[in-house]
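This report describes a single protein chain for a reader who is new to structural biology. Please keep the sequence and the three-dimensional view at hand while reading.

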Amino acid sequence: MQQAVSARAPAHLWIVGILSLVWNCFGAYDYTMSHMRNMDYLAKMGDPNVMLAYMDSMPMYAKFGWGLGVWFALLGSVLLLMRSRYAVHAFGLSIVGMLLSFGGQYLGPTAPAAMTQGMAKYVPLFIIVLGLAQLWYAWRERGEGVLR
């Protein structure tokens, strides 16, 4: 016997899903431009050579975590819009990646001044809070039967 599929997704799913996708696309853009060593992009954060030296000196687990966090968050957003229950797993893995990445930033080499001054020092906290919010939202929608 087939299970009935709900006719329509709630409007908030599309709003949250699209905002999540836009936010995570920026993370993917940042990751891609940083790993392509785009000097113009890196110059927006200070001296690009200092930024490259910092990224090169990060521990391997932090580099792995950065990729895991970025790409699974993006996948989670796409799965959320597809109404897939696997969005919860993707967002959960992105949190693991964030913890590895930001742990490497705090325990690894000294970060450039541009990353530790003003509002920039709060960016990791903001990213983790948004990641947890995305995970919670997907978990809640899976529980409500919106994600299949």
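The following paragraphs treat the overall fold, one helix, one buried residue, the salt bridges, the backbone angles and a surface patch.

**Overall fold**

The model discussed here is predicted. Its chain contains 7 helices and 0 strands, and the order of elements along the sequence is α-α-α-α-α-α-α. Measured in no laboratory but computed from the model, the C-alpha trace extends over about 60 × 25 × 25 Å along its principal axes. Of the 148 residues in the chain, 37% count as buried. The accessible surface amounts to about 8,900 Å², and carbon and sulfur atoms provide 70% of that area. Among contacts in the chain with a separation of 6 or more, 72% are made by residues 24 or more positions apart.

**Helix H7 and its two sides**

Helix H7 covers residues 123–143. Its 21 residues should span 30 Å at 1.5 Å a residue, and the C-alpha atoms at its ends are indeed 30 Å apart, so the expected and the computed values agree.

Which residues of H7 are buried? They are Pro124, Gly131, Gln134, Tyr137, Ala138 and Glu141. When H7 is viewed down its axis, the buried residues fall within an arc of 155°, and therefore they line one face of the helix. The cover over these buried residues of H7 includes H1, H4 and H5. On the other side of H7, Leu125, Trp139 and Gly143 are exposed.

**Methionine 98, a buried residue of H5**

Methionine 98 belongs to helix H5. Its relative accessible area is 9%, and a residue counts as buried when this value is under 20%; methionine 98 is therefore buried. Apart from neighbours within four places in sequence, methionine 98 is in contact with Gly65, Gly69, Gly103, Ile127, Ile128 and Gly131. One of these partners, Gly131, is also among the buried residues of H7. In addition, the C-alpha atoms of methionine 98 and valine 70 are separated by 8.0 Å, although the two residues are 28 residues apart along the chain.

**Salt bridges**

How many salt bridges does the structure hold? There are 2 salt bridges, and the table lists them.

| Residue with nitrogen | Residue with oxygen | N to O distance |
|---|---|---|
| Arginine 37 | Aspartate 56 | 2.8 Å |
| Arginine 140 | Glutamate 141 | 2.7 Å |

The side chains of arginine 37 and aspartate 56 meet in a salt bridge. Arginine 37 is in the loop between helix H1 (11–35) and helix H2 (39–43), while aspartate 56 is in helix H3 (residues 48–57), so this pair ties together parts that are 19 residues apart in sequence. Both partners are accessible in part: arginine 37 is partly exposed at 39% relative accessible area, and aspartate 56 is partly exposed at 44%.

The other salt bridge joins the side chains of arginine 140 and glutamate 141. Here arginine 140 is partly exposed, with 29% relative accessibility, whereas glutamate 141 is buried, with 2%. Glutamate 141 has already appeared above as one of the buried residues of H7.

**Backbone angles**

Most residues other than glycine have a negative phi. Against this background, which value does phi take in arginine 37? Phi of arginine 37 is near 60°, a positive value. Arginine 37, the salt-bridge partner of aspartate 56, lies in the loop between H1 and H2.

Arginine 83 likewise is not a glycine and has a positive phi of about 60°. This residue is found in the loop between helix H4 (60–81) and helix H5 (87–107). Is arginine 83 buried or exposed? With a relative accessible area of 8%, arginine 83 is buried, whereas arginine 37 is partly exposed. A positive phi is also present just after H7, where glycine 145 has a value of about 85°.

**A nonpolar patch on the surface**

Trp14, Ile18 and Val22 form a nonpolar patch on the surface. Together these residues contribute about 300 Å² of accessible area. Tryptophan 14 is part of helix H1, and its relative accessibility of 37% makes it partly exposed.

Methods
Residues numbered from 1 in each chain as written. Predicted model: local features only at pLDDT ≥ 70, side-chain atom pairs only at ≥ 80, totals over all residues. Heavy atoms only, no water. Salt bridge = Lys/Arg side-chain N within 4 Å of Asp/Glu carboxyl O. Helix = DSSP H or I, 4+ residues; strand = E, 2+ residues; numbered from the N terminus. Buried < 20%, exposed > 50% of the residue type's maximum accessible area, 1.4 Å probe, protein only. Patch = residues over 30% accessible without salt bridge, like charges linked within 9 Å, V, L, I, M, F, W, Y side chains within 5 Å. Areas by Shrake-Rupley, 256 points an atom, 1.4 Å probe, with all protein chains shown as cover. Expected span 1.5 Å × (residues − 1). Arc of directions from axis to C-beta. Contact = heavy atoms within 4.5 Å.
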